[in-house]
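Please work through the exercises below with the sequence and the model open side by side, trying each task before reading its solution.

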Amino acid sequence: MTDIRPSAAFLVRHPAHFIALGFGAGLAPFAPGTFGTLVALPIAMLLWQATNSLAFVVVIVLAFAIGVWVSEMTGRALQAADHGAIVWDEVVAFLLVLFFVGPNPAGIIAGFVLFRFFDIVKPPPIRQLDTMLKNGFGVMIDDVVAAGYTGTPDEQWCGCWLPSSTDFALARYDPDGTPFQPQVHYYVGGATKLYGAALYRLREQDFGEVRHHDGISPAWPISYDELEPYYTQAEHLYQVHGAHGEDPTEGPASEPYPFPAVSHEPRIQQLSDDLAAAGYHPFHAPCGIMLDEGNMPYSRCVRCQDCDGFPCLVHAKSDAEVLAVRPALEHPNVTLLRNAQAVKLETDDSGATVTAVVVERDGERETYTADVVVVSCGATNSAKLLLQSASGKHPNRLANGSDPSQPRGQVWAAISSRMRASSSALIRSTPAPSSGTRCRARRSAGSGRARRPRPRAAGAG
Ligand SMILES: Cc1cc2nc3c(=O)[nH]c(=O)nc-3n(C[C@H](O)[C@H](O)[C@H](O)COP(=O)(O)OP(=O)(O)OC[C@H]3O[C@@H](n4cnc5c(N)ncnc54)[C@H](O)[C@@H]3O)c2cc1C
């Protein structure tokens, strides 16, 4: 800090001052760095609206370069290289954080808090850089390192294989140019890292032909009865807590759930009692969480607020990474390739069997051969992979045989006509005891969801 206190006149005396002082944020009488950080937000909002990721990066690089110059000039004028009023470094660094976080309110708040924390605490090498480099570059670089700490792949903080938040930033665009986040989660464990772990079985009738108001969902080639033993196995693998028999709409189960139903929170218990008294059949949602209500001090799940929509940082949610991938990796013949994208499937000469998978990993193309290839990239990316896999034998893309009623083929028809339905209720409770884990009753449509609000008191399934 220095005794020279910049004024409004100093701010407008030179464009370098105006930029270095974050368009005036640096004149704030207290916490100028925090105010300066916030300047990045409208800039990022503009960039999210008006440009793409490449342009965002170019703006950050230019802003950094300009920052070296304006900080140097302004620091000299204020006779302190890293004067507290110079906040352009915070602006640029937080822009970088926002680039990775994307237009996602929870991520922005978390990014802001973490960035301010690292910028103030200055873990190594931030403090060393701050002390050693007393010029424009030094002013800028330590904040960028703080941003790097903030955007460090989440695995450093939570021990999950969550990549950095870049996938949140990967907005897609509707035909009219409106950005949307496709909610595809490229993690080890996929969407289950964030899911609500309400692990319902489909109902028996879901396997038959179902008429919806906007079309017919064709019958599955297998029945509920054929799948039932696997539901039971999956419920054991995913440590589901529930009570078969409560829900009159569910199909037969050959075994009880491995764990008792999660107890209702008081407000939900009241609702359940009221519904039962009115002649309805409320039931406990089957929950895949590692909760031991009989021995809470030793329970891995603590019924925190952040379950549905969040990765569980203590690995107490029954997600695919924790309960399927990690145990599989204990076998010496299992290898996990991270940051690898399957881009094409190749078939044998007959064209009937997939024999190889072309993968892009770290910028290189690799080909893996196998006797059995399972495509499980999620609904959208599995379809995308098939559609990317044209060959001489499959000029119309893989598994996309011609269907006269579907000009773009069967894969396209299947993905675009997939029906999804789910119902949720948001309940205002007085008082409002709340936990992120769901233990309330509701009837599930059993076939996915269309839009997911994020209620916190009595969540969505
Ligand atoms: C917030 C949220 C809450 C949810 N709550 C529930 C719930 O309570 N109950 C419920 O039953 N369901 C819930 N779901 C839905 C559930 O998580 C998904 O239906 C389920 O995870 C789908 O599994 P999947 O294996 O088909 O795909 P995903 O889980 O999407 O997994 C696909 C995997 O493939 C990888 N991948 C994608 N493309 C490629 C490629 N080209 N090459 C290599 N790998 C690729 C991805 O990185 C990912 O790891 C929820 C989902 C979300 C987002």
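**Exercise 1: the strands and their hairpins**

K344 stands opposite V358 in β8, where strands are DSSP runs of E of at least two residues and helices are DSSP runs of H or I of at least four, both numbered from the N terminus. The structure is a predicted model, in which local features need pLDDT of at least 70, side-chain atom pairs count only at pLDDT 80 or more, and totals for chains, interfaces and linings use all residues. Residues are numbered from 1 along each chain as its sequence is written.

Task: Determine how many bridges join β7 to β8, and in which direction the two strands run.

Solution: Start from a second pair, in which the bridge partner of L345 is V357 in β8. Counting along the strands, 7 bridges join β7 to β8 (residues 354–361), and the two run antiparallel; strands are said to pair if DSSP finds at least two bridges between them. The connection is a hairpin with 6 residues between the strands, and G351 in its turn has a positive phi of about 80°.

Task: Find which residue takes a positive phi in the hairpin of β8 and β9, and state how many residues of β9 are buried.

Solution: β8 is joined to β9 (residues 364–369) by 6 bridges, again in an antiparallel arrangement, with A356 standing opposite T369. The hairpin has 2 residues between the strands, and D362 takes a positive phi near 50°. A residue is buried if 20 or more other C-beta atoms lie within 10 Å of its own, exposed if 12 or fewer, and partly exposed in between, with C-beta atoms placed from the backbone. Of the 6 residues of β9, the number buried is 0, so this strand lies largely in the open.

**Exercise 2: the shell around the ligand**

Task: Explain why the ligand shell is said to lie between two domains, and name which helix supplies its largest share.

Solution: First list the shell, for which a residue is near a molecule if its C-beta atom, placed from the backbone, lies within 6 Å of it. There are 23 residues around the ligand, and G190, Y195, G196, G378 and N381 come nearest. Next sort them by element: β7 (340–347) and α14 (378–387) each supply at least two residues, and the largest share, 3 residues, comes from α14. Then sort them by class, which gives 11 nonpolar, 11 polar and 1 charged residues, where Ala, Val, Leu, Ile, Met, Phe, Trp, Tyr, Cys and Pro count as nonpolar, Asp, Glu, Lys and Arg as charged, and the others, Gly among them, as polar. Finally, domain 2 (184–335 + 427–461) and domain 3 (337–418) both give residues to the shell, so it lies between them; these bounds come from an automatic or database domain assignment.

**Exercise 3: helix α4 and S71**

Task: Check whether the length of α4 agrees or disagrees with the expected span, and decide whether S71 is buried or exposed.

Solution: The expected span of a helix is 1.5 Å times one less than its number of residues. For the 25 residues of α4 (residues 53–77) this should be 36 Å, and the end C-alpha atoms are 35 Å apart, which agrees. After the helix comes Q79, whose phi is positive, near 60°.

The buried residues of α4 include F56, I60, F64 and S71, and their cover includes α2 (15–20), α3 (32–50), α5 (88–101) and α8 (136–150). S71 has 27 other C-beta atoms within 10 Å and is therefore buried. Leaving aside residues up to four places away in sequence, S71 touches A20, I86, W88, D89, G136, V139 and M140, a contact being two C-beta atoms, placed from the backbone, within 7 Å. The C-alpha atoms of S71 and G138 are separated by 9.3 Å, although the two residues are 67 apart along the chain.

**Exercise 4: I108**

Task: Establish where I108 lies and which residues I108 touches beyond its sequence neighbours.

Solution: I108 belongs to helix α6 (residues 105–121). This residue counts as buried because it has 20 C-beta neighbours inside 10 Å. Not counting residues up to four places away in sequence, I108 touches L98 and V101. F94 is 14 residues from I108 in sequence, and their C-alpha atoms are 9.6 Å apart in space.
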